[in-house]
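This briefing is intended to be read alongside the sequence and the coordinates. It addresses confidence, one helix pair and one sheet, in that order.

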Amino acid sequence: MRFRFLHIARFFGLLAITSLFIGCNSKGYQNMNARYNGYFYANQYLNEVNQQIEDSYQYNYDQVLKIYPDIDSGIIKSNKAKLDDAFKKASQVIEWYGTSDWTDDNYLIIGKIRHLRAEFQFAIETLQYINQTSKDDPTRHASLIALMQTYMDAGDKDKAKEVSNYLETEELDNENMANYKVMLAYYYQREQDYEAMASNLKEVAEVITKKDTKSRINFILGQIEQEKGQNAEAYKYYKASLAGTPPYDLTFHAKLNMQQVSTVNGAAEIERVRKFYAQLLKDGKNKEYQGKIYYEMGEFEKKQTHYDLAIGNYLKAVAVEEPSPRQKSLSYLRIGQLYFDIYEKFQLSSNYYDSAVSIMPADIDGYAIHVKRKEVLTDFVTQLKTIQVNDSLLSLAELPAISLDAFLDNYLNQQEKEAKALEKEERQNQASTGSVISPSSAGGFTSNTPSSEWYYYNDAAVELGTIEFQRRWGNRKLEDNWRRSSKEASSTTEESTDEAITADATEKPEEAASADEGRAAKKKELLATIPTTPEARDQLHLEIQEAYFKLGAVYRFGLGKDAKAAISYKTLVQKYPDTIYKLDALFALYTLYLETDANQAEGYKQQIIATFPESLIAKTLINPNYLAEKEARNKALQKVYASAYGAYENGEYVKADQILRGALQSFEDVDFLPTVELLSAILKAKTENLFSYEEALKNFVEKYPEGRLTNYAKDLLLAVNPIKETIVRSDDFEYSEDLKQLHLLAIVYNNEVTKTTDLKAAIENFNKNSFSHLKLSVGQLEFDESKKLGIMFINSFEDKKTVEAYHRAFKKALADFTIEVDSNFNNFAISRDNFQMLFQTKALEAYLRFHNRFYQ
């Protein structure tokens with residue numbers, strides 16, 4: 001009884017204590033449940049997903065490592081259930097235990113999950129809410145650090161910097177300070193500010209507790225110091241990254257990089273490093289890194305200026321079993337760079353750049369630069385091959401038929417021999433392992449050596465083929481199957497011929513026939529490329545000229561080889577003195593020598609001025625201020641044009657015409673001149689007549705064959721004919737008695753008796769001396785070709801009275817004109833409409849009668 005009573009007493013005592021605890025401290029109860037029933041498991045799930053992202057991420061050790069791995073959406077999807085559960089648990093804590101101290105921590109988990117899911121706006125709102133409502137500074141600071149990363153991943157770096165600036169004003173605990181400095185370093189890494197990145201990492205490298213993160217940060221610091229050339233510092237950080245048990249790939253690359261930054265003095269040290277690499281190659285754990293090891297061996301030998309050994313190791317790097325595209329592209333790139341920078345073998349360099357860029361990941365440092373150089377080298381090879389190929393084709397076109405046939409046979413024999421050698425080499429390579437590949441078999445490009453190309457690259461082969469043919473066969477007429485017929489009829493005792501006959505005898509007839517047919521087809525195909533007409537040869541010469549000019553530009557601007565650029569331009573103008581590229585080539589030579597050889601530069605300058613005096617280049621060379629002065633003339637002419645156009649729109653056609661005629665006499669060599677000339681032509685329809693208007697439009701189109709203004713002038717010309725057809729509608733027409741129009745004074749004359757130039761000069765001199773205030777102009781048209789009659793007209797007069805006064809003065813002055821006239825010489829006043837009718841009908845006598853009736 002006593003025992004039972006004791007237990008009952010203890011039970012009720014405990015119950016009383018628990019009730020007292022719950023009643024007096026319910027928040028403690030909520031904190032306990034919030035932390036251990038919700039937050040603990042949600043945080044554990046989130047950490048597991050982050051660790052999986054970390055473990056699966058493939059860091060690129062050829063560049064500065066990323067501080068944080070990229071979020072893999074595939075991993076997020078595969079962990080959907082786990083993240084959903086974590087999200088649910090955190091949400092339940094907030095709902096059930098809203099007054100606990102762990103509410104803000106669970107909001108932080110929700111914000112981070114939304115960030116992982118790329119729900120950036122929701123994540124930002126959640127993290128901002130924590131900062132606004134939480135009374136726990138460490139949690140609030142942690143949310144702001146997470147907010148920085150969310151803004152960066154959302155692409156809003158300015159907002160991320162604003163958060164950073166705010167955190168700088170806050171007092172952070174040690175853990176948050178370390179996390180903040182790493183996050184700030186991540187910000188600067190994205191900005192490619194490696195100096196600021198390293199500065200922040202150095203502040204916290206020693207206090208970070210997570211070993212893998214600490215190793216990676218030390219490795220990153222080593223990479224940055226190595227990039228700066230601070231090898232001793234880099235070595236220290238690489239060594240520090242090996243502390244603990246970092247991942248093997250980091251350990252491997254740290255050891256490799258330690259060799260790169262180590263000081264190597266003397267042959268003994270060089271040999272030590274080579275043995276180090278050899279041991280790495282032997283280690284079975286490094287099989288997947290063999291390409292990287294060979295690449296580093298190449299880098300080491302390049303550093304020692306052992307360039308041939310470097311190339312050999314780079315080639316081994318691409319020949320390993322299943323090399324990574326990144327590593328393979330870097331090895332090809334290094335070979336291309338050596339052929340470019342050290343050997344200046346640009347064709348070979350082009351091959352390796354092609355192979356490198358074709359498989360190069362776009363995130364490799366300098367990717368855009370490598371692509372650009374590849375394009376430059378491709379352009380270089382294209383121009384060079386055009387010159388070589390076309391030169392050789394033109395040379396072959398000059399050969400006699402027999403010599404050409406012998407040359408082709410020699411070439412085909414060489415091709416067959418090389419094909420067999422290549423096949424044998426490939427079999428040997430397949431049978432062996434670890435062999436060094438040659439440029440001709442490395443990743444999708446062929447050798448550029450002359451022996452493996454068509455005859456284009458071997459000028460001496462032409463003569464060689466001719467000599468070889470004559471040595472073996474003598475002087476023979478070119479005919480089908482000459483070799484076979486020669487073998488049947490010839491009794492030559494030369495060893496080469498006997499061998500050929502023996503070889504033919506051992507072949508099966510069908511195989512021999514098939515081989516001969518194939519060879520004949522190849523020969524026919526090669527012959528088809530040789531130019532046989534003047535037009536075809538001219539085309540090849542034009543292509544050569546263009547290629548020389550482009551090659552000069554590639555040498556100068558793409559490859560930075562000014563001396564070779566000058567050779568290309570000089571060769572162009574020497575081989576082709578009348579080339580269309582001569583002006584540009586001479587100017588290129590002038591600018592090339594301007595800083596290095598003043599005498600040569602002056603020579604090319606004078607040649608440009610003498611040969612192309614009207615070119616913009618020549619004018620600029622004569623007057624360095626030419627363009628500025630021309631622009632000033634342009635602006636001045638535009639103001640005059642604006643004034644004339646205003647008068648035109650107001651119907652003041654004579655005024656507009658006078659303004660434009662003055663401008664056309666005052667301005668020359670102005671880009672705006674065509675616009676002025678077109679308006680001047682259009683005004684002739686208003687101030688002169690339809691036919692001078694038509695003539696002016698035709699002259700404009702002839703002077704300016706292309707352009708927007710020309711197209712407009714052509715449209716105006718198309719509209720002239722329908723108008724001309726409406727001028728005279730019947731044979732019994734009458735001249736218009738509407739004499740309130742603009743007038744002209746017309747002169748009809750026999751252009752075989754009266755010289756047009758003399759008559760025009762006399763009229764213009766008369767106008768200048770007696771009527772300069774009227775600003776008259778003189779026009780001329782062919783009036784009646786069958787009668788050899790021309791018509792000259794003075795315009796424009798505002799009214800009938802003015803033209804009559806002018807006509808009286810003109811008739812008096814005619815006696816003083818030193819010109820010959822005959823009975824066809826007539827002068828009369830005429831309205832604009834009647835001029836058009838006269839010109840269309842040629843009814844001169846009818847108009848003279850009309851004139852006598854209506855004009856004084």
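For residues 11–25, pLDDT remains under 50, and the model has two contacts beyond four places in sequence for this stretch. The structure is a predicted model, with a mean pLDDT of 83 across the protein. The points below set out the confidence profile, the packing of H19 against H25, and a four-stranded open sheet with helices lying across its strands.

**Confidence**

- A pLDDT of at least 70 is reached by 84% of the residues.
- Among the elements of the protein, helix H26 (residues 562–575) has the highest confidence, at a mean of 96, while helix H22 (residues 482–489) has the lowest, at 42.
- Residues 1–9 have a pLDDT below 50, and the model shows zero contacts for this stretch beyond near neighbours in sequence.

**Helix pair H19 and H25**

- The axes of helix H19 (residues 367–397) and helix H25 (residues 534–558) approach within 8 Å, crossing at roughly 150°.
- Because angles over 145 degrees count as roughly antiparallel, H19 is classed as roughly antiparallel to H25.
- The crossing of H19 and H25 is left-handed.
- On the H19 side, the residues that meet H25 include Val 376, Phe 380, Leu 384, Ile 387 and Leu 394, as well as Asp 379 and Asp 391.
- On the H25 side, the residues that meet H19 include Leu 540, Ile 544, Ala 547, Leu 551 and Val 554, as well as Arg 537, Glu 543 and Lys 550.
- The residues of this contact comprise 13 nonpolar, five polar and five charged.

**Four-stranded sheet**

- An open sheet is formed by four strands in the order S2-S3-S1-S4, with antiparallel pairing.
- Strand S2 (777–784) and strand S4 (826–831) are the edge strands; each has a single partner strand, so one side of each has no neighbour in the sheet.
- From one strand to the next, the twist averages 25°.
- S2 and strand S3 (residues 789–797) run antiparallel and are joined by seven bridges.
- Which residue in S3 is the bridge partner of Leu 781? That partner is Ile 791.

**Helices lying across the strands**

- Helix H37 (residues 800–813) lies across strand S1 (743–750), S3 and S4, and runs at about 35° to S1.
- Helix H39 (residues 844–854) lies across S1 and S4, and runs at about 75° to S4.
- Strands S1 and S4 thus have both H37 and H39 lying across them.

Note on methods: Residues numbered from 1 in each chain as written. Predicted model: local features only at pLDDT ≥ 70, side-chain atom pairs only at ≥ 80, totals over all residues. Heavy atoms only, no water. pLDDT = per-residue confidence, 0-100. Helix = DSSP H or I, 4+ residues; strand = E, 2+ residues; numbered from the N terminus. Contact = heavy atoms within 4.5 Å. Axes fitted to C-alpha atoms, helices over the stretch in contact; angles between N-to-C directions. Parallel < 35°, antiparallel > 145°, perpendicular 65-115°, else oblique. Left-handed = near helix turned anticlockwise from the far one by under 90°. Nonpolar A, V, L, I, M, F, W, Y, C, P; charged D, E, K, R; others polar. Pairing = 2+ DSSP bridges.
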